[in-house]
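Student: Could you take me through one part of this model closely, namely the sheet? I would like to follow it strand by strand, and then see how the rest fits around it.

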Amino acid sequence: MFTGFDFDVIQRALPYLGQGMLTSFGLTLLAMVGGIVLGTVLALMRLSSIKIISVPAGIYVNLLRATPLILVIFWFYFLVPIAIKHISGDSYAQGIGPFHSALIAFTLFEAAYYCEIIRAGIQSVPAGQVNAAYALGLNYRLATTLVVLPQAFRNMVPILLTQGIILFQDTSLVYVVGLTDFMGAASKVAQRDGRLVEMYLFAAVIYFIICFSASLFVKHLQLRITPPR
Amino acid sequence: MAMIELKSVSKWYGSFQVLKNCTTQVEKGEVIVVCGPSGSGKSTLIKCVNGLEPFQKGELIVNGQSVGSASTDLPKLRAKIGMVFQNFELFPHMSVIANLNLAQIKVLGRNADEATEKSRALLTRVGLIDHAQKFPGQLSGGQQQRVAIARALAMDPIAMLFDEPTSALDPEMINEVLDVMVELAQEGMTMMVVTHEMGFARKVAHRVIFMDQGEIVDDATKDDFFGTTRSERVQQFLSKILHH
C-alpha cells in the first residue's frame with residue numbers, strides 16, 4: 001500500500017522534530033502553570049461579592065472566551081512590540097520573540113478557561129467547610145488557601161489535565177508567528193522534502209499517541225481520587 | 001456582664017423575616033439549650049452569635065464586643081468561640097491531628113509541638129487518641145463529631161456553640177457525643193446548644209429557649225420549662241419530640 005512512500009524521511013528529520021516537540025511541551029507546561037495560577041486569581045475575583053473586583057474578572061473571561069485563540073496569538077505578537085515601543089519611547093518596535101509572545105498569549109487565553117473550571121471547583125466545596133474554617137478564627141486568606149483550594153483542586157485535577165491536553169493540541173497554532181513546534185517542524189520537513197503525506201501522517205500518529213495515553217492516564221486518576229467524604 | 005447578649009436581633013432573607021426581635025443572654029458558665037420545630041430559626045440564631053450569619057437589626061454582644069459592628073475583628077472573636085456543626089465539617093484532606101493543629105498554629109500562633117501536645121491531650125479526652133493519624137472519612141459519625149468538639153476545644157474557647165450536634169448521627173452514636181458534652185457542661189463551660197435532645201437539657205441545661213417562626217416564644221429555667229404548665233405551643237412541641 002505504501003509503495004512510493006519514503007518513510008526514511010522521518011528518521012532523518014527526527015532530531016529536528018524532537019526539538020519541535022520540546023517547544024510544544026515547554027509551551028504547554030509553562031502556559032498550564034501560568035494559566036492555572038492566573039485562573040485561580042480570576043476565579044477568586046469572580047466569586048467576590050465586591051462588584052469592582054468581580055465585574056472586571058467577568059469581562060476578561062467572557063472576552064477571552066469569545067475570541068479565537070489564533071487572534072490572541074496574533075495580537076500579542078504584533079501589539080506587544082508596539083506597546084513596548086510606546087512605553088520605552090524607543091524609535092523602533094522591539095519584539096519579545098515568538099516564544100515569549102506565544103507563551104503570554106496562551107497563558108492569558110488559558111487563564112480564562114481555567115478560571116471557569118476553578119470557579120466551579122471552588123463552588124463544589126460545601127459552604128459548611130468554609131463556615132467551619134471561619135468558626136475556627138481563620139480569615140478569608142487562610143480559609144481559602146488551607147481549606148477551600150486544596151479540596152477544590154483535588155476535585156479538579158482530572159479536568160485541569162484534560163484542559164492541558166487540549167492546550168497541547170492548540171500549541172500547534174504557533175506556526176502563525178513563525179515558531180517551530182512539533183507540528184511546525186513536521187510541516188517544514190514535509191515541504192522541504194516533498195513528503196507531505198508521510199510527515200503529516202506521522203505527526204497525526206504522534207499527536208494521537210500522546211493525547212490518547214494522557215487521557216487514559218487522566219481517566220485512571222479520576223477513578224483513584226474520588227474524594228473520601 | 002453576660003458573656004453573650006442578644007438585644008432585639010432581627011434578620012431577613014429578602015422579604016422573609018427569619019429572626020424576630022430575639023432577646024436573651026447567656027451568662028458565663030451557663031448552659032442554654034435552644035429548641036423548636038425545624039425552620040424556627042434556631043440554627044440561624046446560633047450562627048449569628050459568631051457572625052457566620054449577618055443580621056440586619058438589633059445588637060449582639062459577645063464578650064463585650066459587638067458582633068454586627070464593622071470595627072469588630074470577627075476572626076479574632078471567632079477564635080475564642082468554639083463551634084460544632086451538624087455535619088461535623090472536619091477538613092477531609094487533613095488527618096485528625098492536623099485538623100486539631102491547624103487553627104492553633106495558624107490563628108493562635110502556637111508552635112507545632114505545643115499544638116500537637118494540646119491536640120493529643122484533647123483526643124485522649126474524647127477517647128480517640130488511637131485515631132490521631134487517620135483521616136475523617138475513616139471515622140464513624142460519632143467519632144467525627146467528637147473530633148470536631150476536640151478541634152473546637154483546642155482553641156481554649158471562652159464559650160461553645162453547638163448547632164444540632166447529634167442530628168446527623170445514627171441513634172447508637174448519639175450518646176458518645178452527648179457524654180462529651182455533658183462532661184463539658186459539668187466543668188462549667190459556657191454553652192449554647194441547639195438540640196432536640198431533651199434528656200441532655202434535663203441533665204445539664206440551666207435555661208431552655210423555645211423558638212417558633214423566628215421568635216423566642218419561651219425562655220425559662222430548666223425546672224420551669226419542664227415543670228410548670230407552659231404555653232400550648234411548647235406543650236405541643238414537647239409532646240411531639242418526647243413521645244416519638
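Tutor: Let's start at G82(B), whose bridge partner in β7(B) is M160(B). Please keep in mind as we go that this is a predicted model. The pair belongs to a parallel match between β6(B) and β7(B), the latter covering residues 159-163, and 4 bridges hold that match. Stepping back, the strands here form an open sheet of 6, with mixed pairing and the order β6-β7-β8-β3-β9-β10 in chain B. Its edges are β6 (81-84) and β10 (215-221) of chain B, each of which pairs on one side only. From one strand to the next, the twist averages 15 degrees. As general background, strands of a sheet pair through backbone hydrogen bonds, either parallel or antiparallel.

Now move inward to β3(B), which spans residues 31-35. On one side, β3(B) runs parallel to β8(B), residues 191-194, with 4 bridges joining the two. A good place to look is V31(B), which has M191(B) as its bridge partner in β8(B). β3(B) also pairs with β9(B), again in the parallel sense and over 4 bridges. Along that pairing, I32(B) has R207(B) as its bridge partner, and V33(B) stands opposite V208(B).

How enclosed is β3(B)? 5 of its 5 residues are buried, so the strand is largely enclosed by the rest of the structure. If you turn the strand over, you find cover on both faces: V31(B), V33(B) and C35(B) are buried on one side, and I32(B) and V34(B) are buried on the other. That adds a detail to the pairs we just visited, since V31(B), the partner of M191(B), and V33(B), which faces V208(B), lie on one side of β3(B). I32(B), the partner of R207(B), lies on the other side.

Next comes β9(B), residues 207-212, where 5 of the 6 residues are buried, so this strand too is largely enclosed by the rest of the structure. Beyond β9(B) the pairing sense turns: β9(B) and β10(B) are antiparallel, over 6 bridges. V208(B) is worth a pause here, because it ties this part of the sheet together by its pairings: V33(B) stands opposite it, and its bridge partner in β10(B) is A220(B). The hairpin of β9(B) and β10(B) has 2 residues between the strands, and Q213(B) there takes a positive phi near 50 degrees.

From the sheet, let's turn to the contact with chain A, where 20 residues of chain B meet 19 residues of chain A. On the chain B side, α2 (74-79) and α3 (96-106) each supply at least two residues. α2(B) gives the most, with 4 residues. By class, this side of chain B has 12 nonpolar, 4 polar and 4 charged residues.

Chain A itself has 8 helices and 0 strands. Of its 229 residues, 33% count as buried. Its C-alpha atoms fill a box of roughly 75 × 55 × 25 Å along the principal axes. The mean pLDDT of chain A is 89, with 96% of its residues at 70 or more. Within chain A, confidence is lowest in α3(A), residues 69-88, at a mean of 84, and highest in α5(A), residues 127-135, at 96.

Key: Residues numbered from 1 in each chain as written. Chains lettered and ligands numbered in written order. Predicted model: local features only at pLDDT ≥ 70, side-chain atom pairs only at ≥ 80, totals over all residues. Buried ≥ 20, exposed ≤ 12 C-beta atoms within 10 Å, placed from the backbone. Pairing = 2+ DSSP bridges. Axes fitted to C-alpha atoms, helices over the stretch in contact; angles between N-to-C directions. pLDDT = per-residue confidence, 0-100. Contact = placed C-beta atoms within 7 Å. Nonpolar A, V, L, I, M, F, W, Y, C, P; charged D, E, K, R; others polar.
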